[in-house]
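Q: Please take a close look at one strand in this model, at how it is covered and how it is joined to other strands. Please then add what can be said about backbone angles and cysteines elsewhere in the chain.

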Amino acid sequence: MALSETGGRLRARLQAIEHGCEGICQYRLVPLDAQEFPPVEAGAHVDLHLPNGLVRQYSLLPSSGPGGYLIAVKRDAAGRGGSQWLHEAARVGMALEISAPRNHFALREDNGAQAPVLLLAGGIGITPVYAMLHALEAQGRTFELHYWGRSLEQMLFAGQLGADSRVQLHVAAQGKAPRAAEVVAAAHADADVYACGPQSMLDELAALDASRRSGRIYMERFAAPVPVDASAAAGFEVVLARSGLRVPVGPEQSILEVLKERGMDVMYSCEQGVCGACEVTCLEGEPLHLDSVRTPQEHAQEKTIMICCSRSLGERLVLDL
Ligand code: FES
């Protein structure tokens with residue numbers, strides 16, 4: 001289970017491409033070398049480094065493990081090119097590089113292992129949620145899944161999930177469906193809620209989280225919400241604690257951009273605040289968190305900052321770099 005020599009990335013071979021449902025294919029990646037992949041927790045994702053230079057994040061499906069990882073990719077004609085490449089140019093046998101799995105969407109036990117769980121998935125957002133469902137089932141925990149989609153043909157695993165009494169499929173083509181916020185409002189007040197889906201659904205839940213259910217709604221985003229805080233526009237200074245270097249960050253720059261310009265070897269992937277690769281400990285200062293990786297409660301506890309998107313509320317941040 002060692003990482004290869006490729007800058008901390010794992011070398012993988014595309015072993016199989018399978019039809020998942022209308023518009024969605026599944027890709028199985030196996031270790032290219034004799035090494036095994038790291039084990040996987042439900043909710044984890046990997047960065048997939050495509051030969052055309054794009055890096056995209058994909059959640060790992062339940063059958064992922066040291067022998068191979070399985071991802072599902074929805075073709076998005078309006079997307080930024082990753083899914084199109086996978087649907088059109090990927091071929092069985094190709095070598096690809098991936099990151100080790102990261103998990104900012106793990107099942108929690110701090111609410112008590114017996115607390116009910118509400119899983120919410122919209123569209124391709126089913127991928128991490130489906131892995132969670134399997135983990136909860138294996139743990140014998142009580143859960144309910146609500147899964148929204150346009151039609152049954154476009155919903156991954158719809159056949160299997162539709163036969164499960166703990167699952168409710170909300171199919172737009174079949175008429176009126178409840179909103180995610182309505183489902184949460186009707187759920188057990190102590191339930192932990194995990195949601196992955198389109199931005200509109202997650203924004204709706206985020207608003208609910210702030211007003212009524214602080215801290216018990218966990219979300220996985222694959223696109224960054226638009227920052228609304230005016231402080232995000234101001235410049236500030238970053239101090240790198242290990243060298244004492246002081247670096248100005250202009251109003252139009254990110255901390256990550258500035259550090260890359262200076263040739264610093266910093267980790268990053270999505271550059272949108274959704275993957276967690278660029279997380280750095282913040283030693284002093286007051287960050288303005290603009291990422292979607294951690295909840296506000298986690299930001300208050302963790303003292304870290306995603307340097308690809310987050311900024312400073314004050315004039316200075318001291319980072320453990
Ligand atoms: S690079 Fe993905 S969160 Fe910063």
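A: Two strands are said to pair if DSSP finds at least two bridges between them, and that criterion is what the pairing described here rests on. The model is predicted, and the strand chosen for the close look is E3, which spans residues 45-49.

Strand E3 is mostly covered, with 5 of its 5 residues buried. The side chains of His45, Asp47 and His49 point one way from E3, whereas those of Val46 and Leu48 point the other way, and the residues on both sides are buried.

Two strands are joined to E3. With strand E4, residues 55-59, E3 shares 5 bridges, and the two run antiparallel; within this pairing, His45 has Ser59 of E4 as its bridge partner. E3 and E4 form a hairpin that leaves 5 residues between them, and Gly53, in the turn, has a positive phi of about 95°. With strand E6, residues 95-98, E3 shares 2 bridges, again in an antiparallel arrangement, and here Leu48 of E3 stands opposite Ile98 of E6.

The phi of the turn glycine leads on to residues of another type. Most residues other than glycine have a negative phi. Glu271, although not a glycine, has a positive phi of about 55°, and it is found in the loop between helix H6 (255-261) and strand E14 (279-284). Glu271 is partly exposed, its relative accessible area being 39%. Lys303 is likewise not a glycine and has a positive phi, of about 60°; this residue lies in the loop that runs between helix H7 (296-302) and strand E16 (304-306).

As for the cysteines, the structure holds 0 disulfides. The cysteine sulfur closest to that of Cys25 belongs to Cys21 and is 9.0 Å away, which is too far for a bond, because a disulfide calls for two sulfur atoms within 2.5 Å. Cys25 is buried, with a relative accessible area of 18%, a value that counts as buried because the cut-off is under 20%. For Cys282, the closest cysteine sulfur is that of Cys278, at 13 Å, so this distance too is too far for a bond. Cys282 also counts as buried, at 10% relative accessibility.

Methods. Residues are numbered from 1 along each chain as its sequence is written. This is a predicted model: local features need pLDDT of at least 70, side-chain atom pairs count only at pLDDT 80 or more; totals for chains, interfaces and linings use all residues. Side-chain values use heavy atoms; hydrogens and water are left out. Buried means under 20% relative accessible area, exposed over 50%, partly exposed in between (1.4 Å probe, protein chains only). Helices (H or I, at least four residues) and strands (E, at least two) are DSSP runs, numbered from the N terminus.
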